[in-house]
Amino acid sequence: MAAIRCLRHLTREADKMNITGMTAAEIGRKIKAKEISVIEAVTACLDAIEQYDKEYNCFVTVDREGALKQAIEVQKKIDAGELTGPLAGVPIAIKDNMCQEGILTSCSSKILSDFVPTYTAEAVLKLMEAGAVIIGKTNMDEFAMGSTTETSYYGETKNPWDITKVPGGSSGGSAAAVAAEEVPCALGSDTGGSIRQPASFCGVTGIKPTYGRVSRYGLIAYGSSLDQIGPIAKDVTDCATILEAISQYDKKDSTSVNRTDNDFTTALVDDVKGMKIGLPRDYFTEGLDSEIKDAVYKAAEVLKSKGAIVEEFDLGMVEYAIPAYYIIASAEASSNLERFDGVKYGYRTEQYTDLHNMYKKSRSEGFGAEVKRRIMLGSFVLSSGYYDAYYVKALKVKALIKQAYDKAFEKYDVIMGPVAPTTALDMGASLSDPIKMYLGDVYTVPVNLAGLPGISLPCGYDSDGMPIGLQMVGDAFHEKTIIRAAYAFEQTKEYKRPAGVSERGL
Amino acid sequence: MSKAYETVIGLEVHVELATKTKIFCGCSTAFGGAPNTHTCPVCTGMPGSLPVLNKGVVEKAVAVGLATNCTITRNCKFDRKNYFYPDNPQNYQISQLYYPICRDGKVEIEAEGKKKFVRIHEIHMEEDAGKLVHDPYTDSSLVDFNRSGVPLIEIVSEPDMRSAEEVIAYLEKLRLIIQYLGASDCKLNEGSMRADVNLSVREVGSETFGTRTETKNLNSFKAIARAIENERERQIDLIESGEPVIQETRRWDDTKEYSYAMRSKEDAQDYRYFPDPDLVPIHISDEWLEEIKAAQPEFRDEKKLRYKEEYELPDYDIDIITNTKRMADLFEETIALGANPKKVSNWLMVETMRLMKEHQMDADALAFSAENFAKLIKLADDKVINGTVAKEVFEKIFTDDIDPEVYVKEHGLATVNDEGALKTACEEAIRNNPKAVEDYRGGKEKALGALVGQVMKAMKGKADPSSVNKLLKELL
């Protein structure tokens, strides 16, 4: 600790720099150029969390001690020339459904409220290898089930743009922490929109990679056939940089795909000339907020002006995506969550009469309402006599949705549309009407069902000043195409901070 | 009993596959070990862990399928079987329901002098569960996950067997095939082979099946035979007294020689099977299948023919030698080292069998090496040791696998070929046993034996009896 204090003292000059206002890439560059130290970058984030997170509740765990220790290690390696990458020394937050050895990993659930993993998730390990410093674990909807981060056992996260509104979910803690500039970047996970939708609600950028691009080893499963880990940051560059670091074939994940095109930063090119962009007409129907519709069309115009060819087309299958998604994801979840039984780890009820009573009470007390709802739904659709009618049929729908996209990608490079039908909702509005919340996933879930990559980035603001997200979807393993399109669009915009953030220190 | 009944039996046989590592992780499958030492996040069901299929399991399952004349499912999948039990860390077992790896096989069995085929419905791969240990001091149960994730295949037969004899013949057949493949040691008592018996009875001549029960916890062939008899009688008694047979699972208690109902069909669980999304479909390519085929060993029936032709051994010997892979291997390895097949066979038939009986052990447990066995046969052939000494040394090989050359030297057991010493001993025996000498000269051939004995005693057993015989005759 003495060393830390000393370093702090020596570089007072750096304190004047607004480290938390920088992007991950900027912080990385300044560390490399020795304009700031890793400790300073990490301390700036820890201080910001301490100062502002009481208001937003983005974090479940802040690992101050571990982060400072990592910072010293990383600085040594940077000084020794062993770490030279863009993320060396960059602070990052991790959604609380990714295992980190020795650190509480709760999935924001009571049932895992004392669970400390014995191993670290592959994606987190990749970040550590790149020299990123893990600051802490972010809040989420319990077991990633929800679109508002209100179902967390640790209380809801608030939207930094307006604390009466939800940050979206389930990676709401990650998105809000980036928007609130508590950290420059974070990892989220996306099963039905859980990276893209909160990024949209919080005015930041997030990528859901192609299924199989990033290892799921150590990600506590919700819907195994749909889950993907991805980055959330303030711009496309940071997202591409982080995605590059975490994408790698992993033999520990059977669904991981061995690719050689993980060099996403090469796609950060401001050029969309001749790029074919399709706007699905079926996305711009009733239910879509008109301000969002206008913002997306406007974005299309911007890209057109930069040389892209933009057309409207009929994607099809849109109305079947939500029911298929909730059947498949819930079915998988009902099985994935069976291991939380009070036997081996996690919460166990205090008093019980026998084994089955222990199971029943531990799970009844340990899971929240939304998780129970999906376990029941999932168990039902897999039960004998209903399996074919629901689960098998949903899998057929999934295949048809993939076909619809395949057909579209014969013609277009990018499919563009809104991320969500509305901007961030008021706190509490969705809890009373889960179906309404489910319907909010209409533009994001088809992408998971088809296993495709999608990016969400800000494209405007509604009349209340809440951010509007733009979604670009690429063909399987064509992340570079959407990164290029998003980057080109981003060049026409200035990054905008929530009022509460930009007014800091004034 | 007024009517004649027929017993209809089908078996579900679980076999632990002898891979070095578990089916979905790199942990050791070794039996024993301190509790929870052969474990990792995968086989203890830690959150976030993922299964990765061990290819060796697929190869062994396909090998068993080929040896039992099954059709191999070229694109198969794993499914999750969901049920809560503490020995099952995920609370679902990864198994195969919709696309098992092998289907529609058959094996030929011989029972009560008749040959017949037993059809195999399917063979599927799955993971074993952990073990629950009850701790009486704290009145709680502890879980050992060392066995969790050990690979299993389940071989499901059609209801083609009609008696305990046929069931035993079928199990023996499976055991031999699987042992010959090196796919498992198939020990019922250690649980590496487990058989559940599905049994129903019907009147002779009836075309429809009766209601069946499933009996579990059968740990030996004897227990299986007894349980079949017991269950047959129980069902016939029910039918005769006009009561229905209830479809249920029963547990056999071998000490009480009685089975009791565990659960009926009504409380059968809904396992909510669905394809495991963490595992990708397995494609068995033509090349892969050919590789597995090419690696198939010589099975018992083929060996029997070859032994007869090549070594001209009696059928009885061939039967015993090929009855376990261990003995057949020992036989072939010893021959490969230059030993005479007939002599090897004799040692196996006589001394080895005698010692196995004495030690109450199976051929599978034979632990001595072909090297030391071959050396012993050579020492006896070369008359370096005599027959009595050879048996004595073999016992040491049998129990401790000692090197007979070293042992004979260290214990001074080599036959003495010093003619002077032998002659002195013979002369001494003649001098000291005038009665025997007289008898022999009087025509009693047998009397020579007593003299030989005296000489052997004087030589401390290290003389070659035939040389002693010859020398005595000359001197007399």
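**Entry 1: strand β4 of chain B**

I began with strand β4 of chain B, residues 79-82, and looked at where its side chains go. B:D79 and B:K81 point one way, B:R80 and B:N82 point the other way, and all of them are buried. I should jot down early that this is a predicted model.

Which strands pair with β4(B)? One is strand β5 of chain B, residues 92-95, which is antiparallel to β4(B) and joined to it by four bridges. Within that pairing, I found B:K81 matched with B:Q93 as its bridge partner. Another is strand β15 of chain B, residues 274-275, also antiparallel, with two bridges. There, B:P275 is the residue opposite B:D79.

**Entry 2: strand β4 of chain A**

Next I turned to the β4 of chain A, residues 185-190. Six of its six residues are buried, so I can call this strand largely enclosed by the rest of the structure. I checked both faces: A:C185, A:L187 and A:S189 are buried on one side, and A:A186, A:G188 and A:D190 are buried on the other.

Then I looked up its pairings. Strand β2 of chain A, residues 91-95, runs parallel to β4(A), with two bridges. Strand β6 of chain A, residues 228-233, is antiparallel to β4(A), with six bridges. A:A186 is a handy residue to click on: A:A93 stands opposite A:A186, and A:I232 in β6(A) is the bridge partner of A:A186. A reminder to myself: strands of a sheet pair through backbone hydrogen bonds, either parallel or antiparallel.

**Entry 3: the nine-stranded sheet of chain B**

I traced an open sheet of nine strands in chain B, and its order is β2-β6-β7-β10-β1-β11-β12-β13-β14, with mixed pairing. Which strands sit at the edges? They are β2 (71-72) and β14 (258-264) of chain B, and each pairs on one side only.

Inside the sheet I picked out β1 (residues 5-16) and β10 (residues 151-157) of chain B, which run antiparallel and share five bridges. B:E12 has B:V156 in β10(B) as its bridge partner.

Two helices caught my eye here. Helix α1 of chain B, residues 55-67, lies across β2, β6, β7 and β10 of chain B, at about 165° to β7(B). Helix α2 of chain B, residues 164-181, lies across β1, β6, β7, β10 and β11 of chain B, at about 115° to β6(B).

**Entry 4: a helix pair in chain B**

Two packed helices are described by the angle between their axes and the distance between the axes. For α9 (residues 370-381) and α10 (residues 387-400) of chain B, I noted axes that come within 10 Å and cross at roughly 170°. That angle makes α9(B) roughly antiparallel to α10(B). From α9(B), the contact uses B:N372, B:F373, B:L376, B:L379 and B:A380, and from α10(B) it uses B:G387, B:A390, B:V393, B:F394 and B:I397. By class, I have eight nonpolar residues, two polar and no charged ones.

**Entry 5: domains, and where the chains touch**

Chain B is divided into domain 1 (5-288), domain 2 (298-410) and domain 3 (419-475). Taken over C-alpha atoms, the centres of domain 2 and domain 3 of chain B are 33 Å apart.

How many residues does each chain bring to the contact between them? Chain A brings 33 residues and chain B brings 24 residues. On the side of chain A, the elements giving two or more residues are α11 (318-336), α12 (355-366) and α13 (369-382). α11(A) gives the most, with three residues. My last note sorts this side of chain A by class: 14 nonpolar, ten polar and nine charged residues.

Conventions: Residues are numbered from 1 along each chain as its sequence is written. Chains are lettered from A and ligands numbered from 1 in the order in which they are written. This is a predicted model: local features need pLDDT of at least 70, side-chain atom pairs count only at pLDDT 80 or more; totals for chains, interfaces and linings use all residues. Domain bounds come from an automatic or database domain assignment. A residue is buried if 20 or more other C-beta atoms lie within 10 Å of its own, exposed if 12 or fewer, and partly exposed in between; C-beta atoms are placed from the backbone. Two strands pair if DSSP finds at least two bridges between them. Two residues are in contact if their C-beta atoms, placed from the backbone, lie within 7 Å. Ala, Val, Leu, Ile, Met, Phe, Trp, Tyr, Cys and Pro count as nonpolar, Asp, Glu, Lys and Arg as charged, and the others, Gly among them, as polar. Axes are lines fitted to C-alpha atoms, for helices over the stretch in contact, and angles run from 0 to 180 degrees between N-to-C directions. Angles under 35 degrees count as roughly parallel, over 145 as roughly antiparallel, 65 to 115 as roughly perpendicular and the rest as oblique.
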